[in-house]
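Thanks for coming, everyone. Please bring up the sequence and the model, and keep both in view while I talk.

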Amino acid sequence: MRMTRLHAPTLKETPKDAEVVSHQLLVRGGYIRKLAAGIYDFLPLAQRVLHKISRIVREEMDRAGAQEVLLPAVQPAEIWQESGRWSKYGPELLRMNDRKGGEFCLGPTHEEVIVDLVRRDVRSWRSLPLNLYQIQTKFRDEIRPRAGLMRGREFIMKDAYSFDVDEAAANESYDAMFEAYQRIFRRCGLDFRPVEADTGAIGGSRSHEFQVLADSGEDAIVGCTACDYAANVEQAELEPAQREVAPAGPALETVETPDKRTIAEVSEFLGLDATRFVKTLIVDADGTLHAILVRGDHDLNEIKLAKVLGADAVRLADDAQVVAATGAPVGFAGPVGLKGVESIIADHAVRGLRDAVVGANAADAHHMHVDEGRDFRVARFADLRLAVDGDPCPRCGGALKGYRGIEVGHVFFLGTKYSEAMRCNYLDESGRERPMVMGCYGIGVTRIMAAAIEQNHDDRGIVWPRAIAPYQVAVLPLQMNKTDVVEAAESIYTRLSDAGIETLLDDRNERAGAKFADAELIGAPLRIAIGGRGLREGIVELKVRGGDAVEKIPLERLHDEIRSRLA
RNA sequence: CGGGGUGUAGCGCAGUCUGGUAGCGCACCAGUUUUGGGUACUGGUGGUCGGAGGUUCGAAUCCUCUCACCCCGACCA
């Protein structure tokens, strides 16, 4: 491709609405443009990258036995009502009406559509297992789209759905997808880790996320430093610690803590470590208030709490609810004498705490020397907090360590949740009707593009992993007024292109500096610089993007050299 | 949805406080020049100043409403 013809408008300056590096470089490099919040145009360079990623995904999905389909983006409300998600999914589901007033939505995921498809035509155990996938544009009306392609509203996703006769077979399908995903992300050149995950709105019982490790990632994950256990912090199980319960401490005492509300403020004011505090959170679980206790240095995990309470929606109570429940303004809630809640539930780490500090349920006051069991009673202890560095691994007892990650893939074991709700049944060998056992598997294709950049860039631009680079080679004639330079570049370009190597020729009448800058921004893995000086010695310069070395390659050896580099 | 911020040419910005009819750099077009790390010069194209209403002789500027976008939080594959 000639740069004079390529539609890749590069920018010298970073647009101010781009904060994360992948967003900045994709805009500056002429890969994407924004149409609306979380909605982007993909320009030719981006489309080439997306094709590369999609191709890898297709090859591995096909290899794993899945078959590609293409399902509608616009879906009728009826099937969503049938699965129960029309009312459960919330405003993230973009709903609309057709001219006759019929209700539709833009598909955020395709369980309903695929189940509807399969239940109509698959009746026999002989047709199973079946795994169907598609690569298609999804729409989720995110509360706050952000970070460019990392969390858009419209994005390209590969979604696959497996149907099996029973749980054992479904687990095999799940394992096959797990393997395929590892191959896909490895081939894309990503440094990633599969982690155990929560099943979220999709539902189901077994789930793994594939997290690309990057400090800019939105997700917090923990990994064991001793074994290969890794999990989303939301999911990481924490066993109750085995420890001695100390004898009762000194008697409870109430102290003035004027205007000190947060653990940090009170802990500084009293000169006591945060581990000595009990944080009392008033939560609203499906309309019922509960007091949740976690140690001062720990954070509540609302997902674990929702499971423990068996609630659909758990949120922190608002100010008015807190005042009603505790009789004090926000910041002074405590378990001692607390009456205004349905129950008091505590994290394991609170059990047997002695000489603790808690809110006094009165403005500007806290209790000191509080003993759990003596001064307040807990209805139930459970694992309710987020894991932190140093927590014990639930598998081997080793130390957990926290990382940031970008979720590029997620696999779910669904069981019969959708097949039962939507009567997706088959006849087994004995002629009995049974629900199919399902799994679903997603990959964020556009998000992979962003994640690859987050992981592979420098201060000049993108450093593409070779497998997903839009072009492999950039050919730069450095002086456009020198006929021999232009001719050499043209000839190299033609020969590489004819050999099927994706090559960009920078035939613009620009100076060398501008060409170097754009080549580095766009990020082709190999760069050939051709100048009059080198040509007199019969050489051109080859540079690997991301490296430092500039190699002088004799013209006659160049073609073979490039081919061997790309092999 | 709560908090914070920004809307002036494709991009980055000044002008707004103190009202007088829009400017700078980059990009783009033409010409000259230059040709190994974003050449230099000259001349140009392009904006109903996010939108609506109001105040005023006069509004980018003051007032009211509204929309969009970004960040943090809550939420979320």
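Let's start with Lys52. This lysine is buried, with a relative accessible area of 16%. Remember as we go that this is a predicted model. The cut-off for buried is under 20% relative accessible area, so Lys52 falls inside it.

What does the side chain of Lys52 meet? It meets the side chain of Glu502 in a salt bridge, 2.6 Å from N to O. The pair links distant parts of the chain. Lys52 sits in helix α2, residues 44–63. Glu502 sits in the loop between α12 (483–498) and β28 (503–505). That puts the two 450 residues apart. Glu502 is partly exposed, at a relative accessible area of 23%.

Now a second pair. Lys34 and Asp17 also join their side chains in a salt bridge, here 2.7 Å from N to O. This pair, too, links distant parts of the chain, 17 residues apart. Lys34 belongs to strand β1, residues 32–36. Asp17 lies in the segment before α1 (21–28). Lys34 is partly exposed, with a relative accessible area of 44%. Asp17 is partly exposed as well, at 47%.

The third pair is Asp116 and Arg119. Their closest N and O atoms are 2.8 Å apart, in a salt bridge. Where do Asp116 and Arg119 sit? Both are in helix α5, residues 111–121. They are 3 residues apart, so about one helical turn separates them. Here is the general rule: an α-helix has 3.6 residues a turn, so residues three or four places apart point the same way. Asp116 counts as buried, at 16% relative accessibility. Arg119 is buried too, with a relative accessible area of 15%.

There is also a network. Salt bridges that share partners join Arg55, Glu59, Glu60, Arg63, Arg183 and Arg187. Over the whole structure, a search finds 36 salt bridges.

Next, helix α7, residues 263–270. Which residues of α7 are buried? Ile263, Val266 and Ser267 are. They cover an arc of only 100° around the axis, which puts them on the same side of α7. Look at the other side of α7, and you find Ala264 and Glu268 exposed. The buried residues of α7 pack against β14 (278–285) and β19 (365–370). Just after α7 comes Gly271, with a positive phi of about 70°.

Last topic: RNA strand B. How many residues surround RNA strand B? There are 44, and the closest are Glu302, Glu407, Gln479, Glu520 and Glu541. By class, this surface has 23 charged, 13 nonpolar and 8 polar residues. Now take the RNA side. Of the strand B atoms within 4 Å of the protein, 53% belong to sugar or phosphate, and the rest to bases.

Three contacts to find on screen. A polar backbone atom of Ala147 is 3.5 Å from a phosphate oxygen of the RNA. His410 brings a polar side-chain atom to 3.3 Å from a sugar or linking oxygen of strand B. Ala514 places a backbone N or O atom 3.3 Å from a sugar or linking oxygen of the strand. The elements giving two or more residues to the surface near RNA strand B are β21 (400–415), α13 (512–522) and α14 (532–536). Helix α13 gives the largest share, 7 residues.

That's my tour. Questions, please.

Conventions. Residues are numbered from 1 along each chain as its sequence is written. Chains are lettered from A and ligands numbered from 1 in the order in which they are written. This is a predicted model: local features need pLDDT of at least 70, side-chain atom pairs count only at pLDDT 80 or more; totals for chains, interfaces and linings use all residues. Side-chain values use heavy atoms; hydrogens and water are left out. Buried means under 20% relative accessible area, exposed over 50%, partly exposed in between (1.4 Å probe, protein chains only). Helices (H or I, at least four residues) and strands (E, at least two) are DSSP runs, numbered from the N terminus. The arc is that of the directions from the helix axis to the C-beta atoms. Contact means heavy atoms within 4.5 Å. A residue is near a molecule or strand if one of its heavy atoms lies within 4 Å of it. A polar contact is a pair of N or O atoms within 3.5 Å; within protein, one must be able to donate a hydrogen and the other to accept it, and residues adjacent in sequence count only if both atoms are side-chain atoms. Ala, Val, Leu, Ile, Met, Phe, Trp, Tyr, Cys and Pro count as nonpolar, Asp, Glu, Lys and Arg as charged, and the others, Gly among them, as polar. A salt bridge is a side-chain nitrogen of Lys or Arg within 4 Å of a carboxyl oxygen of Asp or Glu.
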